[in-house]
Amino acid sequence: MLTMLGRRFQRHPNNDRHRLTRWQQGLEDIRMTQFPAPSAPYDFDFLVVGSGFGGSVSACRLTEKGYSVAVMEMGRRWKPEDFPKTSWNTRRWVWRPGLKLFGFFNMRMFRHVMIICGNAVGGGSITYANTLLVPPDHVWDEGSWAGAADWKRDMPIHYAHAQRMLGVTDNKLMGRADIMLRNMADAAGVGHTFKPTRVAAFFPPEGEPGGKTYPDPYFGGEGPDRSTCIGCGGCMMGCKHNAKNSLDKNYLYFAEKRGAQVFEETQVVDVRPLGGKSDGADGYEVTTVRSTTWFRRQRRTFRVRNVVFSGSSLGTQELLFRLKQGGSLPNISDDLGNRVRTNAESILGVRFPGQDMSGGVAIGSSIYIDQHTHIEATRYPKGSDAMGLMTTLLVGGKPGWTRILLWLGVALRHPVQFLRMSNPVGFARQTLIFLVMQTIDASLRMRLKRPWYWPFAKVLCSEGDRIPTFIPQANAFTEKMAKAFGGTPMTTITEILFNVPFTAHCMGGCAIAATPEAGVIDPQNRVFNYKNLYVVDGSMLGANLGVNPSLTITALAERAMSFIPVRRSAVEVEVAA
């Protein structure tokens with residue numbers, strides 16, 4: 001058995017000294033723990049709910065350790081040739097299965113925030129901007145996870161493994177939008193903060209044009225062939241050129257290669273403890289239905305020893321609320337849904353008629369306009385103008401009804417400019433989008449209840465104080481730079497009319513903490529009050545990162561899986577008995 005595990009390790013693409021140390025520790029865990037092989041009644045050792053950053057990492061590492069794994073994914077599997085050409089193809093872009101829209105991009109409107117997320121095999125990696133940043137060290141001293149573990153000691157090695165698996169590198173394609181942001185930073189006196197983003201893309205060698213296909217460049221030939229980035233700006237529309245390192249090309253790819261079964265278009269609707277033990281010590285019965293049909297739901301049940309919830313922050317919170325309130329998992333911590341964070345974001349920008357800002361990667365560069373406020377240069381590819389329907393002319397004032405009156409006043413005084421900014425045609429080509437994030441902590445609560453406007457069923461709703469929407473220093477920077485460089489300042493219409501921000505970075509709600517009074521899971525990602533139950537996705541984050549969270553979710557998932565021992569074979573169990 002030990003010889004077999006040793007050979008498996010030597011073949012693994014992520015072979016380095018630290019991986020050897022973890023492998024040796026896994027063998028020690030075999031000797032010191034009683035983690036038996038599954039008996040006949042179990043369909044799988046682990047069932048993972050969701051295939052995003054938490055789910056794909058979990059599936060990869062669990063299959064590596066010898067477990068049988070099922071991955072349940074609501075969304076569809078996508079190939080490069082299947083992605084929509086532009087965002088106007090809503091049937092292939094937007095995920096709304098109830099309306100027969102089967103894309104990968106989802107927008108959910110709440111009272112306090114508009115949340116953007118992804119639904120696909122590979123989770124949000126299919127539609128995210130592949131920006132992977134390490135947050136500042138102080139985040140580990142804040143929020144619910146502060147003091148729960150020695151994070152500053154533990155996390156660097158897990159970040160390193162995440163970066164290696166995702167192929168993280170500095171952006172090498174500086175488009176016009178990036179050059180413009182650098183000029184703006186110089187004009188504002190913060191030019192020293194400008195830097196290319198760290199992204200998960202396969203760039204061509206210097207001096208060579210993009211679009212050339214190479215044998216696997218990341219995993220010693222054991223991964224899929226890849227093509228070099230052509231800088232089309234289409235990362236968030238699904239990479240049609242096989243250059244973005246989405247999860248189906250690394251973690252999930254190797255999980256499936258080792259035997260993990262991915263059930264696409266499948267939604268988990270119930271998770272109940274098996275046997276007479278309500279804490280899940282005997283495993284769980286998991287019920288699923290088809291996510292893309294109205295009537296033939298194809299209801300199925302699976303008997304599994306362990307369950308990993310990785311359905312994104314929103315998805316996991318909603319499912320756990322239903323399981324808690326429905327009586328399937330009633331002992332989930334009452335802290336569920338608390339302290340949901342968004343990186344205190346705002347979407348601004350400058351529109352330059354007659355210029356092309358669409359070239360490059362989706363987020364190519366960034367600056368800091370002060371110690372708390374981070375701005376990233378963001379873009380969509382030419383023709384993908386649908387998001388332009390959500391933007392409008394930026395005006396000053398303060399949040400509330402007075403700002404709406406000011407906005408209407410500007411529309412009356414400058415109708416041509418106002419109409420030009422409201423016209424989505426040309427939006428992607430002409431607009432330098434500012435993704436603004438702050439490290440200032442702010443949070444809201446999520447609850448599952450019957451809202452006044454929809455008494456027929458319980459839905460996920462936001463509560464609490466409003467999170468920051470109007471960021472004065474960012475708005476002032478946008479207006480000043482638009483005037484200086486001949487553009488027109490832009491914001492989102494939800495910010496003007498409803499004081500509601502956009503975010504693609506919903507975090508928390510099932511946070512890591514030392515006790516069930518302060519969070520939902522412990523520092524090893526185990527759900528309090530239950531056995532064999534884990535949460536590994538954005539809902540586990542316990543503080544505001546202030547940067548794109550995907551890399552941190554990946555690194556924390558690596559850490560969570562490091563605590564799972566290598567699976568004992570049936571032969572070993574017999575010998576031990």
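Helix α3 covers residues 53–64 in this predicted model. The helix has 12 residues. From first C-alpha to last, α3 reaches 17 Å, close to the 16 Å expected at 1.5 Å a residue. Burial of α3 is recorded for 12 of its 12 residues. The run begins with Phe53, Gly54, Gly55 and Ser56, which are among the buried residues. Val57, Ser58, Ala59 and Cys60 are also buried, as are Arg61, Leu62, Thr63 and Glu64. The buried set thus includes Arg61 and Glu64 alongside Phe53, Val57 and Leu62. Gly66 follows α3 and has a positive phi, near 100°.

Helix α14 spans residues 550–562. Its 13 residues should span 18 Å at 1.5 Å a residue, and its end C-alpha atoms lie 19 Å apart, which agrees. α14 is mostly covered, with 12 of its 13 residues buried. Ser550, Leu551, Thr552 and Ile553 are buried. So are Thr554, Ala555, Leu556 and Ala557. Glu558, Arg559, Ala560 and Met561 are buried too.

A three-stranded open sheet was also found. Its strand order is β5-β6-β24, and the pairing is mixed. The edge strands are β5 (105–109) and β24 (502–503), each of which pairs on one side only. β5 pairs with β6 (residues 114–118) in the antiparallel sense, over five bridges. Within this sheet, Arg108 has Ile115 of β6 as its bridge partner.

Note on methods: Residues are numbered from 1 along each chain as its sequence is written. This is a predicted model: local features need pLDDT of at least 70, side-chain atom pairs count only at pLDDT 80 or more; totals for chains, interfaces and linings use all residues. Side-chain values use heavy atoms; hydrogens and water are left out. Two strands pair if DSSP finds at least two bridges between them. Helices (H or I, at least four residues) and strands (E, at least two) are DSSP runs, numbered from the N terminus. The expected span of a helix is 1.5 Å times one less than its number of residues. Buried means under 20% relative accessible area, exposed over 50%, partly exposed in between (1.4 Å probe, protein chains only).
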